[in-house]
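Colleague: I would like to go through this model before I plan around it. Please take my questions one at a time.

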Amino acid sequence: MTIQLECKFNKNRDRDINTAVNDNSGEFTTIADCTREYLEKISEDFRNGKKYTVSLLTLRIQLGQLAIYEAKINNDINKAKELYYLAALAIIKALENSTGTFVLGGTPVLPDFALPLCSDATMLYPLFALLTEEKSSAVAEQGSWASIMRCYQAALIKDWAEIERMIAILQKKFAKLKANADVVYFIEFFQALLSNNTEAVEASLRTLLTPPLVIKQSKEWPKRSHEGEYMCHFGMPFAKLAWILGHEIEIHHPLIVSELLPVRPLENYHNPYPFLEPAESTWALLNK
């Protein structure tokens with residue numbers, strides 16, 4: 001079922017994604033040069049057995065920015081997916097290289113974690129469902145943003161029981177929150193997924209994509225990643241999750257890359273960088 005979702009910003013106040021990307025085309029050229037430099041530096045460090053001079057999470061952000069450029073400037077969705085695939089591998093390797101376990105150094109917001117799934121590399125979905133941030137398991141049990149992340153991860157493998165459990169924890173923790181608090185909208189989104197009702201998912205996304213909420217959520221993200229300047233902070237990863245779960249909601253919104261919403265895996269995913277290859281022990285986690 002496909003639903004048209006029309007949400008528009010005040011054009012006198014906010015740029016749409018196409019204008020924003022075109023206005024910064026020169027900056028994207030610089031980002032491309034920096035990304036190539038980062039890849040060369042990490043490759044050299046890897047060959048020499050040295051500690052990486054560039055953060056893998058920084059590389060993930062650079063690759064994501066290039067993915068937006070390929071999608072919106074060059075209209076090359078397949079190239080964008082290839083770059084997001086490499087970004088996904090960068091997240092996995094960042095986890096491996098931190099303490100030897102699935103503990104993520106730093107605290108990336110959910111979009112930094114989830115947007116690489118726009119690669120449509122479906123074989124990574126179960127693995128992404130296992131990835132955790134430092135201390136996030138304990139924090140998630142207390143009711144926090146880590147609980148929202150856990151809901152997202154559980155949805156990737158349709159672990160509805162875990163989502164229900166996390167929602168119960170969140171509702172208990174935030175029982176006294178005002179009705180318009182962000183976490184309330186996020187809970188409503190996952191409740192809509194639990195209902196397996198596309199109309200309910202559409203209604204939740206419509207709320208998440210209203211201009212006041214988008215502006216509120218995106219204030220901090222651009223400081224972390226240029227993707228936040230060109231895409232809705234939570235709307236894009238939540239809309240992608242909806243498509244992953246079969247809710248094919250066609251969205252027309254100035255800060256949504258609608259071309260990346262349908263789940264259409266590439267025939268092949270190529271990783272030319274040995275330092276991004278997940279360890280055998282990582283893949284083995286899927287067999288436990």
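Colleague: How many contacts beyond four places in sequence does the model have for residues 9-15?

Modeller: This is a predicted model, and over residues 9-15 pLDDT stays under 50. Where pLDDT is low, the predicted coordinates should not be read in detail. With that reservation, the number of contacts beyond four places in sequence for residues 9-15 is 15.

Colleague: And how many such contacts beyond four places in sequence are there for residues 99-108?

Modeller: Residues 99-108 also form a stretch where pLDDT stays under 50. For residues 99-108 the model's count of contacts beyond four places in sequence is 27.

Colleague: Which element has the highest mean pLDDT?

Modeller: The mean pLDDT of the protein chain is 80, and 76% of its residues reach 70 or more. Among the elements, the lowest mean, 49, belongs to helix α13 (residues 221-224). The highest mean, 94, belongs to α15.

Colleague: Is Ser204 buried or exposed?

Modeller: Ser204 is found in helix α11 (residues 198-208). Its relative accessible area is 8%, and the cut-off for buried is under 20%. Ser204 is therefore buried.

Colleague: Which residue's backbone nitrogen does the side chain of Ser204 reach?

Modeller: Leaving out residues up to four places away in sequence, Ser204 touches Tyr185, Glu188 and Phe189. At 3.4 Å, the backbone nitrogen reached by the Ser204 side chain is that of Phe189.

Colleague: How many residues apart in sequence are the parts tied together by Phe113 and Phe128?

Modeller: The model has 10 aromatic pairs. In one of them, Phe113 and Phe128 are tilted, at 5.1 Å centre to centre with 50° between the planes. Phe113 lies in helix α5 (residues 110-114) and Phe128 in helix α6 (residues 125-128), so the parts tied together are apart in sequence by 15 residues.

Colleague: Why does the pair of Phe186 and Phe234 count as tilted?

Modeller: The ring centres of Phe186 and Phe234 are 4.5 Å apart, and their planes stand at 35°. Planes under 30 degrees apart would count as stacked and over 60 as edge-to-face. Because 35° falls under neither heading, the pair of Phe186 and Phe234 is tilted.

Colleague: Where in the chain is Phe234?

Modeller: Phe186, its partner, is in helix α10 (residues 182-195), 48 residues apart from Phe234. Phe186 is buried at 0% relative accessible area, and Phe234 counts as buried at 9%. Ring pairs link both into a cluster with Tyr152, Phe189, Phe190 and Phe238. Phe234 itself is in the loop between α14 (227-230) and α15 (235-244).

Key: Residues are numbered from 1 along each chain as its sequence is written. Side-chain values use heavy atoms; hydrogens and water are left out. Helices (H or I, at least four residues) and strands (E, at least two) are DSSP runs, numbered from the N terminus. Buried means under 20% relative accessible area, exposed over 50%, partly exposed in between (1.4 Å probe, protein chains only). A polar contact is a pair of N or O atoms within 3.5 Å; within protein, one must be able to donate a hydrogen and the other to accept it, and residues adjacent in sequence count only if both atoms are side-chain atoms. Contact means heavy atoms within 4.5 Å. Rings of Phe, Tyr and Trp (its six-membered ring) pair if their centres lie within 6.5 Å; planes under 30 degrees apart count as stacked, over 60 as edge-to-face and the rest as tilted. pLDDT is the predictor's confidence in each residue, from 0 to 100.
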